[in-house]
Amino acid sequence: MIPLRPAAADPTLVEDLRGAIREIRDFPIPGVGFKDITPVLASPALFGRALAALVERLRPTAPTHIAAIESRGFLVGAPVALALDAALAPIRKVGKLPFRTERIDYTLEYGAAALEVHADAWEPGARVLVIDDVLATGGTALAACALVERMGAEVAGCGFLLSLPFLGGEQRLGSHRVEALIRY
């Protein structure tokens with residue numbers, strides 16, 4: 001387990017995150033306001049505070065495994081896994097994992113996609129926490145949850161640095177616990 005300072009006494013975290021996260025208008029397509037977390041990643045102090053807060057919110061889920069969604073989910077999921085003493089399993093785009101995989105195909109608002117995880121990433125009955133950086137429409141996170149359940153494990157919850165509730169992702173994940181540090 002890695003020590004992360006508990007975030008209970010961090011009253012300015014949300015304000016500091018809002019100040020650091022920048023919006024890139026019309027990216028990746030016109031009309032979209034992309035929330036860019038790279039300034040948070042560039043600040044070891046702020047990133048550490050955010051991770052500590054997320055870990056404290058997710059600790060009650062008692063996960064045995066963290067399923068980190070490619071690619072920015074890896075940046076959040078790995079330190080969360082270490083802090084919660086949980087195994088880390090990357091969920092990747094098709095063809096990126098070298099061992100036998102389980103795959104799920106799903107649809108997004110703009111087309112079809114697929115995710116894979118190693119077939120031995122967790123055992124049936126494991127408590128798997130799904131982690132990504134941002135929750136938007138929820139399609140990818142919902143597919144990851146479905147993959148976890150199809151492999152016989154339990155979704156312990158879902159964790160994100162930030163959520164965009166107006167895009168409906170939290171509603172789509174409604175049956176699963178959702179924790180996000182900041183909501184826009």
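This report walks through the pockets, ring contacts, cysteines and backbone oddities of one predicted model.

## Ground rules

Since this is a predicted model, local features need pLDDT of at least 70 and side-chain atom pairs count only at pLDDT 80 or more, while totals for chains, interfaces and linings use all residues. Residues are numbered from 1 along each chain as its sequence is written, and side-chain values use heavy atoms, with hydrogens and water left out.

## The largest pocket

Let's start with the open space. The largest pocket has a volume of about 1,100 Å³. It is lined by 33 residues, and those closest to its centre are Phe34, Arg72, Glu109, Tyr110 and Ala136. Two or more lining residues come from each of β2 (33-36), β5 (101-108), β6 (111-118), β7 (127-135) and α5 (139-150). Strand β7 gives the most, with 4 residues. By type, the lining divides into 19 nonpolar, 6 polar and 8 charged residues.

A few terms need pinning down. On a 1 Å grid over the protein atoms alone, a pocket is an open set of points with protein on both sides within 12 Å along at least five of seven lines, a cavity is a set of points where a 1.4 Å probe fits but cannot get out, and lining residues have an atom within 4 Å of a point. Grid points are joined across faces, edges and corners, and a volume is the space filled by probe spheres set on the points. Helices (H or I, at least four residues) and strands (E, at least two) are DSSP runs, numbered from the N terminus. Ala, Val, Leu, Ile, Met, Phe, Trp, Tyr, Cys and Pro count as nonpolar, Asp, Glu, Lys and Arg as charged, and the others, Gly among them, as polar.

## The closed cavity

There is also enclosed space: the structure holds 1 cavity of 30 Å³ or more. About 40 Å³ lies in the largest cavity. Its lining is made up of Leu17, Ile21, Ile37, Val40, Leu161, Leu162 and Ile182. That gives 7 nonpolar residues, no polar and no charged.

## Rings and charges

A search of the whole structure turns up 1 aromatic pair (ring centres of Phe, Tyr or Trp, the last by its six-membered ring, within 6.5 Å; planes under 30 degrees apart are stacked, over 60 edge-to-face, the rest tilted). The partners are Phe27 and Phe34, set edge-to-face at 5.3 Å centre to centre with 85 degrees between the planes. Phe27 is partly exposed at 43% relative accessible area, and Phe34 is partly exposed too, at 22%. Here buried means under 20% relative accessible area, exposed over 50%, and partly exposed in between, using a 1.4 Å probe and protein chains only.

Tyr184 has charged company. The charged end of Arg18 sits over the ring of Tyr184, 4.8 Å from its centre, and the charged end of Lys35 sits over that ring as well, 4.4 Å from the centre. To count, NZ of Lys or CZ of Arg must be within 6 Å of the ring centre and within 35 degrees of the ring normal.

## Two cysteines without a bond

How many disulfides does the structure hold? It holds 0 disulfides, where a disulfide is a pair of cysteine sulfur atoms within 2.5 Å. The sulfur of Cys145 is 3.5 Å from the closest cysteine sulfur, in Cys158, so it is too far for a bond. Cys145 is buried, at 1% relative accessibility, and Cys158 is buried with a relative accessible area of 1%.

## Backbone quirks

Next, the backbone. The peptide bond from Phe27 to Pro28 is cis, with omega near 5 degrees, and Pro28 lies in the loop between β1 (22-25) and β2. Asp26 is found in the loop between β1 and β2 and has a positive phi of about 60 degrees although it is not a glycine.

Another cis peptide bond runs from Glu70 to Ser71, with omega near -5 degrees. Ser71 is in the loop between β3 (65-69) and α4 (72-83). Asp85, in the loop between α4 and β4 (87-93), has a positive phi near 55 degrees without being a glycine. Asp85 is exposed, with a relative accessible area of 62%.

## A long-range neighbour

Finally, look at Arg57 in helix α3 (residues 44-58). Arg57 is partly exposed, with a relative accessible area of 33%. The C-alpha atoms of Arg57 and Ala180 are separated by 8.7 Å, though the two are 123 residues apart along the chain.
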